[in-house]
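Reader: Please take me through the ligand site in this model. I want contacts, burial and surroundings in one connected account.

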Amino acid sequence: MTTFAFLGLGAMGAPMATHLAKHAHAHGHRTLVWNRTTTKAEAHASEHGSEVATLAQAARADFIFTCLPTSAEVDEVLNAMQPHLRPRAVWIDCTSGHPAAAVRQAGQLAAADVTFLDAPVSGGTAGAQAGRLTVMVGGDPSALAAARPHLAFAGKVEHVGRTGAGFAVKAVNNALLGVTLWATGEGLAVLGRAGVNLEAALSVINASSGRSNASENLIPQRVLTREFPPTFALGLLAKDAGIAVDLTQSVQGSAPVLAQVAALLRGAQRVVGAAADHTAALKLIETMNDQELR
Ligand code: NDP
């Protein structure tokens, strides 16, 4: 019997752990769950047949999954679990973490004969609920081969390179999300001030070369409706863009547009709040232009 542990039952982690528990149940395996707020783990156990565990118990699992806000929280649980880890286990970190932290954490875990894979995900809460997430993995390919059959929450799984490469790809992907979201917001604010109907403008842009996920989905569904449903926090997107800036520095690259969007998202976070949905960043553009996007 294989034992899985899933740590961090947030907006992403809870539905991911649900797919893992279903997979475990179907194959006669066990799923342990841990969450800082224990009531969420208890609710998951009673609804999905997982088992509530302490960090020490979770550390004995064969496959340990984490989905926490940042690498700093992963450090906290890793340090607490280190003395209890099972040799030859695989730690799959689905946090959108920091590439430098991945290298450090992989080294720390190697001392306990545990292999670390950075395996952040994309697809949002809808993708997590559908079990169709894209997983970008850095680290040992043979550890990924062992883990692959158990990535029950995944649609696409891609090995992107050595340790830290998964986090690097995720950070750049989300910086690009920030760029398209922000730039499309700017463009629409200007068009709004020019008296153009924004739904008509988006209809044209979405049939033209300016389209993106921001123009096709995020802005029409979340901004123009004024709903801003909080599925992916602005503070987390600002964190991701900041990691892309750190990555740029670490390779002595030149990426001024990514740096600028990181600064803009951080500023928007200060103004509208870290917990607001990431699309609420456009409220700052609205203020800058005295133009509501509706
Ligand atoms: P949430 O804020 O919904 O959940 C965060 C989770 O981390 C909760 O389980 C929370 O526990 C736990 N946590 C927070 N602080 C600590 C701590 N100090 N120690 C232990 N546990 C802690 O975040 P998401 O699920 O949205 O995001 C998780 C990761 O996935 C992030 O790295 C994010 O960037 C990434 N991501 C998010 C996507 C999204 O659409 N939301 C899409 C793709 C990636 P508690 O319940 O006690 O608060």
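Author: What follows is a close look at the ligand and the residues around the ligand. The model is predicted. Start with the location. The ligand occupies the largest pocket. Domain 1 (3-162) and domain 2 (168-289) both contribute residues to the shell, so the ligand lies between them.

Next, the shell itself. It holds 25 residues. The closest are Ala11, Asn35, Thr37, Lys40 and Thr231. By class, ten residues of the shell are nonpolar, nine are polar and six are charged.

Now the polar contacts. Thr37, one of the closest residues, uses its side chain: a polar atom there sits 2.5 Å from a ligand oxygen. Two further contacts come from the backbone. At Met12, a polar backbone atom is 2.9 Å from an oxygen atom of the ligand. At Pro69, a backbone N or O atom lies 2.8 Å from a ligand oxygen.

Burial comes next. Taken alone, the ligand exposes 910 Å². The protein buries 86% of that area.

Last, the secondary structure. Three elements are listed as giving two or more residues to the shell around the ligand: helix H4 (71-81), helix H6 (124-130) and helix H11 (234-250). Helices H4 and H6 fall within the bounds of domain 1, and helix H11 within those of domain 2.

Notes. Residues numbered from 1 in each chain as written. Predicted model: local features only at pLDDT ≥ 70, side-chain atom pairs only at ≥ 80, totals over all residues. Heavy atoms only, no water. Near = heavy atom within 4 Å. Polar contact = N/O pair within 3.5 Å; in protein donor to acceptor, adjacent residues only side chain to side chain. Areas by Shrake-Rupley, 256 points an atom, 1.4 Å probe, with all protein chains shown as cover. 1 Å grid on protein atoms, 1.4 Å probe; cavity = no way out; pocket = protein on both sides within 12 Å on 5 of 7 lines; lining within 4 Å. Sits in = over half its atoms within 2 Å of the grid points. Helix = DSSP H or I, 4+ residues; strand = E, 2+ residues; numbered from the N terminus. Nonpolar A, V, L, I, M, F, W, Y, C, P; charged D, E, K, R; others polar. Domains from an automatic or database assignment.
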